[in-house]
Amino acid sequence: MNDDQIGNFEVLRVLSHSLGTAVYLVKKKEDNQEYVLKVLDPKHFDIVRAKNEWNFLKKVSHPNIIKAFEYFENESGMASLVTEYVEG
């Protein structure tokens, strides 16, 4: 992985960064849409909890709750949650 790409996503900019978590504005090459990609380091974050959060979000449909699109883990166990991007 280079600094400008995570999985199938091109990193446009960093939205937030803290111990164990980084949040990026990304663009998916296949559909040219912008998304939020949240990367979680398993040393600082409960990955099981992240999977549960993603499973909950993908089942919920409400105008006040972001849509979840993807969840994946890399070889080193870092989890990534992909959600819709909402400005504001």
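## A salt bridge between helix and sheet

Lys51 and Glu73 form a salt bridge in which the closest N and O atoms are 3.3 Å apart. The pair links distant parts of the chain, with Lys51 in helix 1 and Glu73 in strand 5, 22 residues apart. The model that shows this pairing is a predicted one, and the distances and accessibilities given here should be read accordingly.

Lys51 is partly exposed, with a relative accessible area of 37%, and Glu73 is likewise partly exposed, with a relative accessible area of 37%. Side chains of opposite charge can pair when their charged atoms come close.

## A second salt bridge, between two strands

A search of the whole structure finds two salt bridges, and one of these joins the side chains of Glu70 and Lys28, at 2.9 Å from N to O. Because Glu70 belongs to strand 5 and Lys28 to strand 3, this pair ties together parts that are 42 residues apart in sequence.

The surroundings of these two side chains can be described by their accessibility. Glu70 is partly exposed, at a relative accessible area of 22%, whereas Lys28 has a relative accessible area of 18% and is therefore buried, the cut-off for that class being under 20%.

## The sheet

The strands that carry these residues belong to an open sheet of six strands, which has the order 1-2-3-4-6-5 and antiparallel pairing. Strand 1 (5-6) and strand 5 (68-73) stand at the edges, and because each has a single partner strand, one side of each is left without a neighbour in the sheet.

Within the sheet, strand 2, which covers residues 9-18, pairs in the antiparallel sense with strand 3, residues 21-28, over eight bridges. In this pairing Ser16 stands opposite Val23 of strand 3. Helix 1 (residues 47-59) packs on the sheet, where it touches strand 4 (34-40), strand 5 and strand 6 (79-84), and the direction of helix 1 makes about 155° with that of strand 5.

## The two sides of helix 1

The 13 residues of helix 1 should span 18 Å at 1.5 Å a residue, and the end C-alpha atoms of the helix are 19 Å apart, which agrees. Its buried residues are Ile47, Ala50, Trp54 and Leu57, and because they cover an arc of only 80° around the axis, they lie on the same side of helix 1. An α-helix has 3.6 residues a turn, so residues three or four places apart point the same way.

The buried residues of helix 1 pack against strand 4, strand 5 and strand 6. On the other side of helix 1, by contrast, Val48, Arg49, Phe56 and Lys59 are exposed.

## The loop before helix 1

Pro42 lies in the loop between strand 4 and helix 1, where a relative accessibility of 34% places Pro42 in the partly exposed class. Once its neighbours within four places in sequence are left aside, Pro42 is in contact with Ile47, Ser76, Gly77 and Met78. Of these contacts, Met78 is 36 residues from Pro42 in sequence, while the C-alpha atoms of the two residues are 5.9 Å apart in space.

Asp46 is also found in the loop between strand 4 and helix 1, and Asp46 is partly exposed, with a relative accessible area of 45%. Asp46 and Ala79 are 33 residues apart in sequence, and their C-alpha atoms are 9.7 Å apart in space.

Terms used
Residues are numbered from 1 along each chain as its sequence is written. This is a predicted model: local features need pLDDT of at least 70, side-chain atom pairs count only at pLDDT 80 or more; totals for chains, interfaces and linings use all residues. Side-chain values use heavy atoms; hydrogens and water are left out. Two strands pair if DSSP finds at least two bridges between them. Helices (H or I, at least four residues) and strands (E, at least two) are DSSP runs, numbered from the N terminus. Contact means heavy atoms within 4.5 Å. Axes are lines fitted to C-alpha atoms, for helices over the stretch in contact, and angles run from 0 to 180 degrees between N-to-C directions. A salt bridge is a side-chain nitrogen of Lys or Arg within 4 Å of a carboxyl oxygen of Asp or Glu. Buried means under 20% relative accessible area, exposed over 50%, partly exposed in between (1.4 Å probe, protein chains only). The expected span of a helix is 1.5 Å times one less than its number of residues. The arc is that of the directions from the helix axis to the C-beta atoms.
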